[in-house]
Amino acid sequence: MKTGVAQYRKIALDIANKIVKGDISPRDKISGRSTLAGIYNVSPETIRRAIALLEEMEVVISNVGSGIQVRSISNAEKFIQKYKNNEYINSTRDDIVSILKKKKELDLELEENFQKIIDFIERFNNISPFVLIEVSILETCVYMGKNINEIRFWQNTGATILGYKRAGNIIVSPGPKYIFTQGDVIVVIGNTDVYIKVWKFLHEQ
């Protein structure tokens, strides 16, 4: 079992669940703290805090010499209701934060790679017959909803789509299945008159 600041709460919840399900009955004595520490693979202090939490809501009673005993199944149910929702909310919140962090890192990585492509093209622009340009996809685009393969984009324009911008996001190397969508800004590379060729092909058919 993983360790953490709320680990004692998870152990207390587990014990309460076992009481409610009947795995531990009021006639049974719950294992001592040292034994529980071994079962849950945590320190005796973590077990002490878990039992103390259960005692606060009168789920169990712990007496020197008589060990830990179940005090109330009803209170065990109340304990679960009180803490399980909090644990779920905290766990879900942590998952969302983690996902957002990964998305931010991925967006940054994509933007950096896209910028590398632009920097590379600009660095060799003086010795290369190719240029890098941006073309906005307007509502007048005659190929709206179609992909690159369907309209034979390269064959008709001599240009290659390196990426596109959509709703503030940058997508690099979209591949032949990119679908032309109003509001996109496509980034293409081609010869010196590539802009005119691409614009006319997409908007002036």
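Visitor: Which residue in β6 is the bridge partner of Lys-165?

Guide: In this predicted model, the bridge partner of Lys-165 in β6 is Ile-170.

Visitor: What makes β5 and β6 count as a pair of strands?

Guide: Strands pair when at least two bridges are found between them, and four bridges join strand β5 (residues 160-166) to β6, so the two strands meet that condition. They run antiparallel and form a hairpin with two residues between them, where Ala-167 in the turn has a positive phi of about 50°.

Visitor: Which side chains of β6 are buried, and which are not?

Guide: Along strand β6 (residues 169-172) the side chains alternate, with Ile-170 and Val-172 pointing to one face and buried, whereas Asn-169 and Ile-171 point to the other face and are not buried.

Visitor: Why is the aromatic pair of Phe-153 and Phe-201 called edge-to-face?

Guide: The search of the whole structure finds six aromatic pairs, and in the one formed by Phe-153 and Phe-201 the rings are 6.4 Å apart centre to centre, with 65° between the planes. Centres must lie within 6.5 Å for a pair, and planes over 60 degrees apart count as edge-to-face, so both values fit the name.

Visitor: Which parts does this pair tie together?

Guide: Phe-153 lies in helix α6 (residues 153-157) and Phe-201 in helix α7 (residues 194-203), so the pair ties together parts that are 48 residues apart in sequence. Both Phe-153 and Phe-201 are buried.

Visitor: How do you know that the charged end of Arg-49 is close enough to count as over the ring of Tyr-8?

Guide: The charged end of Arg-49 sits over that ring, 4.1 Å from its centre, and the distance condition is within 6 Å.

Terms used: Residues are numbered from 1 along each chain as its sequence is written. This is a predicted model: local features need pLDDT of at least 70, side-chain atom pairs count only at pLDDT 80 or more; totals for chains, interfaces and linings use all residues. Side-chain values use heavy atoms; hydrogens and water are left out. Rings of Phe, Tyr and Trp (its six-membered ring) pair if their centres lie within 6.5 Å; planes under 30 degrees apart count as stacked, over 60 as edge-to-face and the rest as tilted. Buried means under 20% relative accessible area, exposed over 50%, partly exposed in between (1.4 Å probe, protein chains only). A charge sits over a ring if NZ of Lys or CZ of Arg is within 6 Å of the ring centre and within 35 degrees of the ring normal.
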